[in-house]
Amino acid sequence: REFLLAAAAFADVSYSVHNAVSREFVESLVADVEGEVTDAFRADFAVERQFDFHEAERRELETEVFRVEWSRAVGDA
């Protein structure tokens, strides 16, 4: 949420990566600040083991990448 709001304040276009089940959330938040998701695609994202509590050496996460066009800065509201 914070990243998307910051992107809306500073960029005309942004890209963000989210869990694959986040599409409804992203589209709703973007619409609330007068932006538009113009493209989205699914992608597997590999995460290597980084911490002692990680059990697997590598894990594949299902993600979705969103391209967003922002029509105005959030601070203009």
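**Exercise 1. Burial and overall shape**

Task: Find what share of the 77 residues of the protein chain counts as buried, and state how spread out the chain is next to a compact globule.

Solution.
- Step 1. Start with burial. In this predicted model, 27% of the 77 residues of the protein chain count as buried.
- Step 2. List the secondary structure. The chain has two helices and three strands. Along the sequence they follow the pattern α-β-α-β-β.
- Step 3. Turn to the radius of gyration. The value for the protein chain is 15 Å, while the globule rule gives 11 Å for 77 residues. The radius is well over the rule, so the chain is more spread out than a compact globule.
- Step 4. Add the spans. Along its principal axes, the C-alpha trace covers about 45 × 20 × 15 Å.
- Step 5. Look at contacts along the chain. Take those with a separation of 6 or more: 63% of them join residues 24 or more positions apart.

**Exercise 2. The sheet**

Task: Work out the order of the strands in the open sheet and say which strands lie at its edges.

Solution.
- Step 1. Recall how strands join. Strands of a sheet pair through backbone hydrogen bonds, either parallel or antiparallel.
- Step 2. Pair β1 with β3. Strand β1 covers residues 13-19, and its pairing with β3 is antiparallel, over seven bridges. Within this pairing, Val-13 has Glu-69 of β3 as its bridge partner.
- Step 3. Pair β2 with β3. Strand β2 covers residues 35-48 and is also antiparallel to β3, over 13 bridges. Asp-44 stands opposite Glu-62 of β3. Glu-36 has Glu-69 of β3 as its bridge partner.
- Step 4. Read off the order. The three strands form an open sheet, β1-β3-β2, with antiparallel pairing. The edge strands are β1 and β2, each pairing on one side only.
- Step 5. Note the twist. From one strand to the next it averages 25°.

**Exercise 3. Helices and core**

Task: Describe how each helix meets the strands, then find which element gives the most to the largest nonpolar core.

Solution.
- Step 1. Place α1. This helix, residues 2-10, packs on the sheet and touches β1 and β3. The direction of α1 makes about 175° with that of β1.
- Step 2. Place α2. This helix, residues 23-32, lies across β1, β2 and β3. Helix α2 runs at about 140° to β2.
- Step 3. Open the core. The largest nonpolar core has 12 residues, among them Leu-4, Leu-5, Val-30, Val-37, Phe-66 and Trp-70.
- Step 4. Sort the core by element. Two or more residues come from each of α1, α2 and β3. Helix α1 gives the most, with four residues.
- Step 5. Zoom in on one core member. Beyond residues up to four places away in sequence, Val-30 touches Gly-35, Glu-36, Val-37, Val-68 and Trp-70.

**Exercise 4. Thr-63 and Ala-43**

Task: Decide whether Thr-63 is buried or exposed, and find what its side chain meets at Ala-43.

Solution.
- Step 1. Locate Thr-63. The residue sits in strand β3, which covers residues 58-70.
- Step 2. Check the accessibility. The relative accessible area of Thr-63 is 6%. The cut-off for buried is under 20%, so Thr-63 is buried.
- Step 3. List its contacts. Leaving aside neighbours within four places in sequence, Thr-63 contacts Val-17, His-18, Asn-19, Ala-20, Phe-41, Arg-42, Ala-43 and Phe-45.
- Step 4. Pick out the polar pair. A polar atom of the Thr-63 side chain lies 2.7 Å from the backbone oxygen of Ala-43.
- Step 5. Look from the other side. Ala-43 belongs to strand β2. With 23% relative accessibility, Ala-43 counts as partly exposed. Among its contacts outside four places in sequence are Leu-61, Glu-62 and Val-65.
- Step 6. Take a distance. Ala-43 and Arg-59 are 16 residues apart along the chain, and their C-alpha atoms are separated by 13 Å.

**Exercise 5. A loop residue**

Task: Say where Glu-34 lies and what its phi value is near.

Solution.
- Step 1. Find the loop. Glu-34 lies between α2 and β2.
- Step 2. Read the angle. Phi of Glu-34 is near 60°, a positive value in a residue other than glycine.
- Step 3. Check exposure. Glu-34 has 45% relative accessibility and counts as partly exposed.

Notes. Residues numbered from 1 in each chain as written. Predicted model: local features only at pLDDT ≥ 70, side-chain atom pairs only at ≥ 80, totals over all residues. Heavy atoms only, no water. Buried < 20%, exposed > 50% of the residue type's maximum accessible area, 1.4 Å probe, protein only. Polar contact = N/O pair within 3.5 Å; in protein donor to acceptor, adjacent residues only side chain to side chain. Contact = heavy atoms within 4.5 Å. Pairing = 2+ DSSP bridges. Axes fitted to C-alpha atoms, helices over the stretch in contact; angles between N-to-C directions. Core = buried A, V, L, I, M, F, W, Y, C linked by side-chain atoms within 4.5 Å. Rg over C-alpha atoms; globule rule 2.2 N^0.38 Å.
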